[in-house]
Each structure stands twice: as structure tokens, then as C-alpha cells.
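The following exercises concern the reading of a structural model. Please work through each task before turning to its solution.

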Amino acid sequence: DSLSNKIAAGEVVERPSSIVKELVENSIDAESTSIEIALEEAGLTSIRVTDNGKGMSRHDAVLAFERHATSKISNERDLFRIRTLGFRGEALASIASVSKISLWTSDGETEGTEVQIEGGVILKESDAAFRKGTDMTVAQLFYNTPARLKYMKTIQTELGHTIDLVNRLALSHPHIAFKLSHHSQTILQTSGNGDQQRVLNDIYGPAVARKMVPFNGENADFKVNGYVTLPEMTRASKNYMTHIVNGRWVKSYASNDAVLNGLHTYLPIGRYPVAVINVETDPFLTDVNVHPAKQHIRLSKEGELLSLIKSSVHEAVKRAII
Ligand code: ADP
Ligand code: MG
């Protein structure tokens, strides 16, 4: 119902970047190879996400806005083997309850569907010619929850959160071509050719990307690899370390510390590297169902992973410096 959707929205939809995250993750789960994100006023006025993924049938397009409608897991066992980014089936219902959504989608088999929905109420549902994929616009965010709207920071702050998010998603998915624009000005564009170093170049520029040292390591349960800057290319913030577990960008203080410990003797005080850390493991060892935003995960054998990250980073940088 509309009240519980609004309550859930409080957890999932904190700000424009949270919506971008949910929409883009849906595009990724739909196996898109190209995802465009276009913002007006940092997304407060409009967020449009266009993908070339598998799209939805007319039935699924309407169902998508129902709470707990997910096509991604069907039984409890699946919950422990999650490969998709979404699985809770509540994001679209929550977003729809606090905005005005226009959706065009087609699964390539039927003609296509248009859905218009305002504050969770479907205003229009009709056949509409559309190529395979999905084009969703979330407009007038929080128009019916003024308290939340008032809480929004400046355009620059909100935009900063979204740029940071899209950078991390692009890094996590080098096989997808991303384009992010704000008032039709391109902010980030990646090629989707699968080369993570090239994405680092697109985000941080050649001066940083060229100075990044590759590292890798492996034990019985984990495979890690990534890139880390040499000590002279450090920053004053920890915010430039990106952790990716089985393709999902996650926040991990412990993993930050593992990288820093690996660099310890080389790192000036108060300085932090630009780094990307990719971890592959059996999904059975991970639990992503910790919080609705799915940004934190629990790992069995975390200590083992942390020491692997630390030693892999340490060895690689030591070799590069000598
Ligand atoms: P979840 O991602 O947890 O399943 P959501 O509320 O984010 O839940 O989305 C509901 C459903 O809508 C998804 O399970 C998927 O079937 C469908 N869907 C949403 N966005 C897209 C998209 N861009 N392409 C294809 N299907 C989509
Ligand atoms: Mg989702």
C-alpha cells in the first residue's frame, strides 16, 4: 500500500543519487551493454536512465512497481546465491511513491509499453512502439514529501554524490558503456570495452591512471586484483578507494584499512591512494541482505580476505618502487 511504500522509500530513496543507483542497477541486472544517465538539477527535477537491456513485457512493466515484485529471486535458496544487484523488489515501488515516473520499455518480442505513474498511482498504461530496452524518467522527486525535499543539499552536493556513484558503477562494470550528463553536458563517458584501467583513465585522468600499479593474489576462497597509485599520486581523502565484490561496489572500512596496511611504509601521513580492489568469491560466502541499500556486505572468512588484500598490494608496490 502507499503508506508502506513511502516508509520503505525513506530507507531506499535518501537523495537523487540513491535513485540513480537503483535505476542503473536495474539496467545492469537487465544485461545492458549501454546505459545513459541524464540529470536535470542534479536529478531533483529529472533523472532519466536509458538502457539497451532485456526490457519488460507489458505485464512485467506494471508489476515492476508493486512492492516485493522481483523477477530476480524466486525462493529462499536464491537469497544465498545472489548474482544480481537487485533482489528485494522494493526500489521501484518506493521511488514511484515519491515521484512522477514515465517508463517506455520493450522486451523485443512485443511492441512495447508506456507507463505513467504519479505518487504510486498508475495514470496511464498502454502499448507504445519502443525498441528493446528501457527508458525510465523519474521527475519531481519528493514532490509529495516536502520534508524530505527540504533536506536536500545544494545542486553541487547532490550532483557530487551522483558523479561519485556513477564513477564506481562504471569501474565495477567495465564491459558496460556509461554516459552521465547534467543539463546535457557530458560528465563521464566510458567505452564499455572491458578494460578497467581505461575506466580509471576516464574517471581520474591519464596522470593518475598511468601511475597505477596492478596487483593480484589468490587463496582457496578469494581472488583479488586491482590497481593502486604509487605513493606520489595520493590524495587527502580515503574516498578514492573502490571495493568491488563479485561485481558489486561495496563500502568497507576494513578493506580500506587492508589496502592502507599493505602500503604502510610507503604512504605519507594523511595521504591515501586512488585504488580499485576487485574480489571474486563464492556468493555463498557473502551476505548482501544487510541493509535495503545493499551497500554493505557480510563476508565469511573476512580476515582471510583482508590479509590477502594487504599482502597483494604490498608485494606489488614494493616491486614497482624497487
Ligand atoms: P529488484 O531490482 O530488487 O528486483 P526493483 O523494484 O528495482 O526490484 O525492480 C523490480 C523489477 O522490475 C525487477 O525485478 C525487473 O524485473 C524489472 N525492471 C526494473 N528495471 C528494469 C530495467 N531497466 N530493465 C528490465 N527490467 C527492469
Ligand atoms: Mg532493483
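The exercises below proceed from the whole chain to single elements and then to the core.

This is a predicted model, in which local features need pLDDT of at least 70 and side-chain atom pairs count only at pLDDT 80 or more, while totals for chains, interfaces and linings use all residues. Residues are numbered from 1 along each chain as its sequence is written, and chains are lettered from A and ligands numbered from 1 in the order in which they are written.

**Exercise 1. Describe the confidence and overall make-up of the model.**

Step 1. The average pLDDT (the predictor's confidence in each residue, from 0 to 100) is 89 for the protein, and 89% of the residues score at least 70. The model has an ipTM of 0.99 and a pTM of 0.91.

Step 2. The protein contains 11 helices and 15 strands; these are DSSP runs, numbered from the N terminus, with helices being H or I of at least four residues and strands E of at least two.

Step 3. Of the 322 residues, 42% are buried, that is, 20 or more other C-beta atoms, placed from the backbone, lie within 10 Å of their own.

**Exercise 2. Check the length of helix 7 (residues 155–172).**

Step 1. The expected span is 1.5 Å times one less than the number of residues.

Step 2. For the 18 residues of helix 7 this gives 26 Å, and the end C-alpha atoms are 26 Å apart, so the two agree.

Step 3. Among the buried residues of helix 7 are E158, L159, V166 and N167.

**Exercise 3. Place strand 10 (residues 222–229) among its partners.**

Step 1. Six of the eight residues of strand 10 are buried.

Step 2. Strand 9 (residues 212–218) runs antiparallel to strand 10 and is joined to it by seven bridges; pairing requires at least two DSSP bridges. A hairpin of three residues links strand 9 to strand 10, and P214 stands opposite Y227.

Step 3. Strand 10 also pairs with strand 13 (residues 275–281), antiparallel over seven bridges. There, V228 has A275 as its bridge partner.

**Exercise 4. Locate the largest nonpolar core.**

Step 1. A nonpolar core is a set of buried Ala, Val, Leu, Ile, Met, Phe, Trp, Tyr and Cys residues joined through C-beta atoms within 7 Å. The largest has 74 residues, of which V259 and I309 touch the most other members.

Step 2. Helix 11 (residues 302–321) gives the most to this core, with seven residues.

Step 3. Domain 1 (2–189) and domain 2 (206–321) both contribute residues, so the core lies between them; the domain bounds come from an automatic or database assignment.

Note on methods
Buried ≥ 20, exposed ≤ 12 C-beta atoms within 10 Å, placed from the backbone.
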